[in-house]
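The exercises below are meant to be worked with the coordinates open beside the text. Each one sets a task and then gives a solution in steps.

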Amino acid sequence: ITTQLYILMKIIASLSLALLFLTPFAQEAPLSVFENIVGSTWVSEGTQLGGHQGKTVKEIKWGLDGKIVQVTTYTTDPNTLEFGLRNEGVRIFNAESEQLEFYEFDKKGGVSKGVIKIDGENIHYEYPYGDLVLRDSWIYQSKDEYIYRVCAVKSDTCDQIFHEGTFKRKQ
């Protein structure tokens, strides 16, 4: 075995060992983007998705000792205009696919699931909806305010905006 090959093998072994010890830390880091919104209640009032007047409230907290983010959503029903529980969801880092993912379960039995994309402090949820790919974005304005935008995605950009509102941290 040549000296160069021996040195290369030592470098590869050292890197492998370092990656083995760093993997648990790398798996927790992707959820850090949620640190600003977790532990708070977020409120959007006014025109809601669908065009009716009302409000949406999201209670966001850590779950499983900080391994997931839990979200409970209350909203004004567009048909009855009554305010109440709409859905519950989780945000996770899937170690197998190495992606941030989300799952939303609504009270009518529906399930939405997709991937989460991070752009700086902006959080984008992308998911299939019929023939479309939709993106629900939380666009950072300040530590207490996000623009909330729902759009159809084509070529990784918003092609058609369906709704835009504001979520503010409840004080």
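**Exercise 1. Describe the surface and the overall make-up of this predicted model.**

Solution. Begin with the accessible area: the protein exposes about 11,000 Å², of which carbon and sulfur atoms supply 54%. Turn next to burial, where, with buried taken as under 20% relative accessible area, buried residues make up 35% of the 171 residues. Then assign the secondary structure, which consists of one helix and 10 strands, and read it along the sequence to obtain the pattern α-β-β-β-β-β-β-β-β-β-β. Finally, consider the contacts between residues at least 6 apart in sequence, among which 27% join residues at least 24 apart.

**Exercise 2. Determine how the strands are arranged, and follow the pairing from strand 7 to strand 9.**

Solution. First trace the neighbours: the 10 strands form a closed barrel in the order 1-2-3-4-5-6-7-8-9-10, with antiparallel pairing. Neighbouring strands of this sheet are turned by 25° against each other on average, when direction is ignored. In general, strands of a sheet pair through backbone hydrogen bonds, either parallel or antiparallel.

Next examine strand 7 and strand 8, which pair in the antiparallel sense over seven bridges, with Tyr 129 standing opposite Leu 132 of strand 8. Two residues lie between the strands of this hairpin, and Gly 130 takes a positive phi near 65° there.

Then continue to strand 9, which runs antiparallel to strand 8 and is joined to it by eight bridges; the bridge partner of Asp 136 in strand 9 is Val 150. Strand 8 and strand 9 likewise form a hairpin, with two residues between them.

**Exercise 3. Locate the largest nonpolar core and identify which strands contribute to it.**

Solution. Start from the membership: the largest nonpolar core has 23 residues, and those with the most contacts inside it are Phe 34, Ile 37, Ile 60, Ile 123 and Trp 138. Strand 3, strand 5 (99-106), strand 7 (122-129), strand 8 (132-142) and strand 9 (145-154) each supply at least two residues of this core, and the largest share, four residues, comes from strand 9.

**Exercise 4. Which residues are in contact with Ile 60, leaving aside its neighbours within four places in sequence?**

Solution. Place the strands first: strand 2 (residues 53-63) pairs with strand 3 (residues 68-76) in the antiparallel sense over eight bridges, and Thr 56 stands opposite Thr 75 in strand 3. Then list the partners of Ile 60, which are Ile 37, Val 38, Gly 39, Ser 40, Trp 42, Val 69, Gln 70, Val 71 and Trp 138. Comparing this list with the core shows that Ile 37 and Trp 138 appear in both.

Key
Residues numbered from 1 in each chain as written. Predicted model: local features only at pLDDT ≥ 70, side-chain atom pairs only at ≥ 80, totals over all residues. Heavy atoms only, no water. Pairing = 2+ DSSP bridges. Axes fitted to C-alpha atoms, helices over the stretch in contact; angles between N-to-C directions. Core = buried A, V, L, I, M, F, W, Y, C linked by side-chain atoms within 4.5 Å. Buried < 20%, exposed > 50% of the residue type's maximum accessible area, 1.4 Å probe, protein only. Contact = heavy atoms within 4.5 Å. Areas by Shrake-Rupley, 256 points an atom, 1.4 Å probe, with all protein chains shown as cover.
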